[in-house]
Amino acid sequence: MRKNKLLLLLALLMTACSEDVVYEGTSNVSREANALLQVTTRGTNDATVAYPVQIYVFHGEECRAFQTIGDAGQTLNIPLVEGTYSVYAVGGAGSTDYNLPTKDNATTTTALTLKEGRSLTDLMAASATATLVDGGTNTVTLGMTRKTMLIQDVTIKKIPTAATAVSVTIAPLWQALTVSGAFANAGQSQTIALTKQADNRTWTLGGDAIHVLPPSSQPASISVNITSGGTTKTYTYSTSDQLEAAYKINIDGTYTEAVGVNLTGTITGATWLGERTISFEFDENGSSTSGNNDNNGGGNNNNDNPNNQDNFPAAGDTYQGCYVLAVSVIDANSAELTLLSPNERSVSSDSDANNALATLGVDGISDWSIPTKDQIDAFYAAKDDITPAPERQRYLWQDGTTMKQRFMSDGSDSKANFNYAIFLRPVATVSITKD
């Protein structure tokens, strides 16, 4: 009897030690890992990957693995059960700076938040789908895409010597990335304190360049804050060019007593995005664009101003932070835009989808709805151009009173099966009129 008890104890210990390679199948029978997933990373557009890279592997909505790639020479070997997996990577997010979700609590929408007192780093993201077969090895190489902008220089000149503080604020910005690489926590701002130079009139960015996530809605605003005698005056400019991830930003301004602050800003793209230069003015009465030089070889697709005198936004443009799916011109002075929200989340039922509409829209735009057949077709056709990119496998749409799901891998449809993760990205129709 004592021998049998000892054998039973040893069997239990062996089972506990192999926990990381044993999974519950759909039949609730434990299965040992019988396939291998290899994961490596590379930069896109000549980018150098920001390490460490956090790797999350999902089967459906369940995180099956969480590992870290520490440097460019490392390849992860992850044992798994055969099946189809979603692999997500977030680069530049180390445990020193970020609160990292664990395997047990990670979802695709969980944000990697900054720890108190830490600053945003050069974040990158990538995702892929991998199908593993029994006894097989699947190697996935993730092409990392930069998600941050870089404020590399700020200089404000001819500030009155009585000024005690000068800063620049950029808003509204995303604050975090999720496990899946989507932007999260909209409507934040970044204030950059400047340092007075030896001439007592020039204030500059005193330390290293600063990484920030791109605006959560366009147009963004850049404000110069000048404090003197306990009073702060702020001069704000609403950008006509979109501030985007993977661009370096230089801001140069000159204060004049009569009109306030004249600012010229340079947005320099990393080599894979080209270069863009913008200029703008601040004065006591507001702000206006003083010029634009776009060296991208094309337009900047910025149509956030509904009073555009030249033309209406086109499909593929951005309007108030939303992707323009379609445009219907009514007459020479008015049009209707079909907009796709930048926000999305997983929904678990018809009622949950309808309840989610109130939280997934964009401020200033109302009447968000579940996409129709035509709208999901336009969504699918533009999936490679949409920002933030649709990275989920299934998206919800409505056919009359029936909820359906669109598979983004091949464009096929079926009746919505809420036993699996289905994501909703709502749409809205807005009317715009030229002055």
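Q: In this predicted model, which residue of β5 is the bridge partner of H59?
A: In this predicted model, strand β4 covers residues 53–59 and strand β5 covers residues 62–69, and the two pair in the antiparallel sense over seven bridges. Among the residues of this pairing is H59, whose bridge partner in β5 is E62.

Q: Which residue in the turn of the hairpin formed by β4 and β5 has a positive phi?
A: Strands β4 and β5 are joined as a hairpin, with two residues between them. In that turn a positive phi of about 65° is found, and the residue that carries this value is G60.

Q: Why is one side of β16 and of β21 left without a neighbour in the sheet, and which position do these strands take?
A: The sheet is open and consists of four strands in the order β16-β13-β20-β21, with antiparallel pairing. Strands β16 (188–193) and β21 (231–238) each have a single partner strand, so one side of each is left without a neighbour, and the position of both is at the edges.

Q: By what angle are neighbouring strands of the sheet β16-β13-β20-β21 turned against each other on average?
A: The four strands of this open sheet pair in the antiparallel sense. When direction is ignored, the average turn of neighbouring strands against each other is 20°.

Q: Which residue of β20 is the bridge partner of V166?
A: Strand β13, which spans residues 163–173, runs antiparallel to strand β20, which spans residues 221–228, and eight bridges join the two. For V166, the bridge partner in β20 is I226.

Q: Is L339 buried or exposed?
A: L339 lies in strand β28, which comprises residues 334–340. Leaving aside residues up to four places away in sequence, L339 touches a set of residues that includes Y319, Y323, I365, W368 and P426. The relative accessible area of L339 is 0%, and since the limit for burial is under 20%, L339 is classed as buried.

Q: What distance separates the C-alpha atoms of L339 and V430?
A: V430 is one of the residues that L339 touches, as are V427 and A428. Along the chain L339 and V430 are 91 residues apart, while the separation of their C-alpha atoms is 7.7 Å.

Q: How many residues of the lining of the largest cavity are charged?
A: A search of the whole structure finds one cavity of 30 Å³ or more, and the volume of the largest cavity is about 30 Å³. Its lining is made up of K147, G181, A182, F183, P388, A389 and E391. By class, the lining of the largest cavity holds four nonpolar residues and one polar residue, and the number of charged residues is two.

Key:
Residues numbered from 1 in each chain as written. Predicted model: local features only at pLDDT ≥ 70, side-chain atom pairs only at ≥ 80, totals over all residues. Heavy atoms only, no water. 1 Å grid on protein atoms, 1.4 Å probe; cavity = no way out; pocket = protein on both sides within 12 Å on 5 of 7 lines; lining within 4 Å. Points joined across faces, edges and corners; volume = space filled by probe spheres on them. Nonpolar A, V, L, I, M, F, W, Y, C, P; charged D, E, K, R; others polar. Pairing = 2+ DSSP bridges. Axes fitted to C-alpha atoms, helices over the stretch in contact; angles between N-to-C directions. Buried < 20%, exposed > 50% of the residue type's maximum accessible area, 1.4 Å probe, protein only. Contact = heavy atoms within 4.5 Å.
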